[in-house]
Amino acid sequence: DNLSPLGFGIWRFIGIWDLVIGISPRLLLTFAICHFPFSMPATAAAADLRIIHSQHYEIHTDLDPAFAAELAHRMDVMYEEYEKRLKDFRPPQSAPALAAYLFTREEDYLAFTENRAVHTGGIFVVEPDRSYLAAFLNGQGRDQLRRTLQHEAFHQFAFNAISHDLPIWMNEGLAQVFEEGIWTGQTLDRKSTRLNSSHLVI
């Protein structure tokens with residue numbers, strides 16, 4: 001499976017639907033942000049996950065080690081791209097690592113989120129005592145998982161670096177922009193990036 005084009009593409013607020021919520025109906029089935037008023041207990045499956053400590057993330061996963069390492073690198077690069085593009089909201093250097101749970105099987109993903117993320121490929125969850133990103137591989141494939149993480153990781157970054165109450169149209173719109181970026185295999189090709197600061201009005 002080839003690395004998906006991660007391309008910072010076009011600002012997609014076209015028409016009333018995109019202007020209001022910044023995301024297509026199709027993507028609503030793939031991406032989600034959930035605020036839970038109570039904490040969910042950790043599942044036994046989560047305790048069995050190995051942990052990858054990357055520069056910006058603490059990743060709990062049972063994915064193939066080589067693929068998990070690739071995703072950890074990719075997520076770090078995306079985090080740094082969020083910082084560059086939104087430099088006025090850069091988190092402090094002392095900010096804690098962000099939690100991510102990446103499962104091979106959808107069943108484990110649903111068990112971990114207690115079936116509150118049905119019909120999603122990934123989710124950013126906010127609870128009173130923690131927040132985390134979760135996603136799974138089987139059924140959506142590696143390319144789509146990469147794109148899912150690009151999208152959901154922005155929600156996580158925005159919550160921690162920008163605001164806990166970012167308007168949904170802005171949150172989803174920016175997440176979609178970052179989802180569409182161009183990935184070279186090791187980094188983002190900024191020369192190929194079609195998004196520049198003039199497209200961002202915050």
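What share of the contacts in the protein chain with a separation of 6 or more comes from residues 24 or more positions apart? In this predicted model, such residues account for 73% of those contacts, and the tour below visits some of the places where elements of the chain meet.

**The whole chain**

Begin with the entire protein chain selected and coloured by secondary structure, where you should find seven helices and six strands. Reading from the N terminus, the elements follow the order α-α-β-α-β-β-α-β-α-β-β-α-α. The chain has 202 residues, of which 52% count as buried, and its accessible surface comes to about 9,700 Å², with 55% of that belonging to carbon and sulfur atoms.

**Strand β5**

Next, select residues 122-126, which form strand β5, a mostly covered strand in which five of its five residues are buried. If you turn the view, you can check both faces of β5: Gly122, Phe124 and Val126 lie on one side, while Ile123 and Val125 lie on the other, and all of them are buried.

**Across the hairpin to β6**

Now add residues 131-136, strand β6, which pairs with β5 in the antiparallel sense over five bridges; the two strands are joined by a hairpin of four residues. To follow the pairing in detail, pick phenylalanine 124, whose bridge partner in β6 is leucine 133, and then valine 125, whose partner in β6 is tyrosine 132.

Is β6 enclosed or open? Six of the six residues of β6 are buried, so the strand is largely enclosed by the rest of the structure. On one side of β6 you will find Ser131, Leu133 and Ala135, and on the other Tyr132, Ala134 and Phe136, so placed that both faces are covered.

**On to β4**

Keep β6 in view and add residues 98-103, strand β4, which pairs with β6 in the parallel sense over four bridges. Here the residue to pick is alanine 100, whose bridge partner in β6 is leucine 133, the residue that also partners phenylalanine 124 of β5.

**Helices α4 and α6**

Finally, select residues 65-85 (helix α4) together with residues 141-161 (helix α6), which pack at an angle of about 40 degrees with their axes 10 Å apart. That angle makes α4 oblique to α6, and α4 passes α6 in a right-handed crossing. To see where the helices meet, show the side chains of α4 residues including Phe67, Leu71, Met75, Met78 and Tyr82, and of α6 residues including Leu145, Leu149, Ala153 and Phe157.

Terms used: Residues numbered from 1 in each chain as written. Predicted model: local features only at pLDDT ≥ 70, side-chain atom pairs only at ≥ 80, totals over all residues. Heavy atoms only, no water. Buried < 20%, exposed > 50% of the residue type's maximum accessible area, 1.4 Å probe, protein only. Contact = heavy atoms within 4.5 Å. Areas by Shrake-Rupley, 256 points an atom, 1.4 Å probe, with all protein chains shown as cover. Pairing = 2+ DSSP bridges. Axes fitted to C-alpha atoms, helices over the stretch in contact; angles between N-to-C directions. Parallel < 35°, antiparallel > 145°, perpendicular 65-115°, else oblique. Left-handed = near helix turned anticlockwise from the far one by under 90°.
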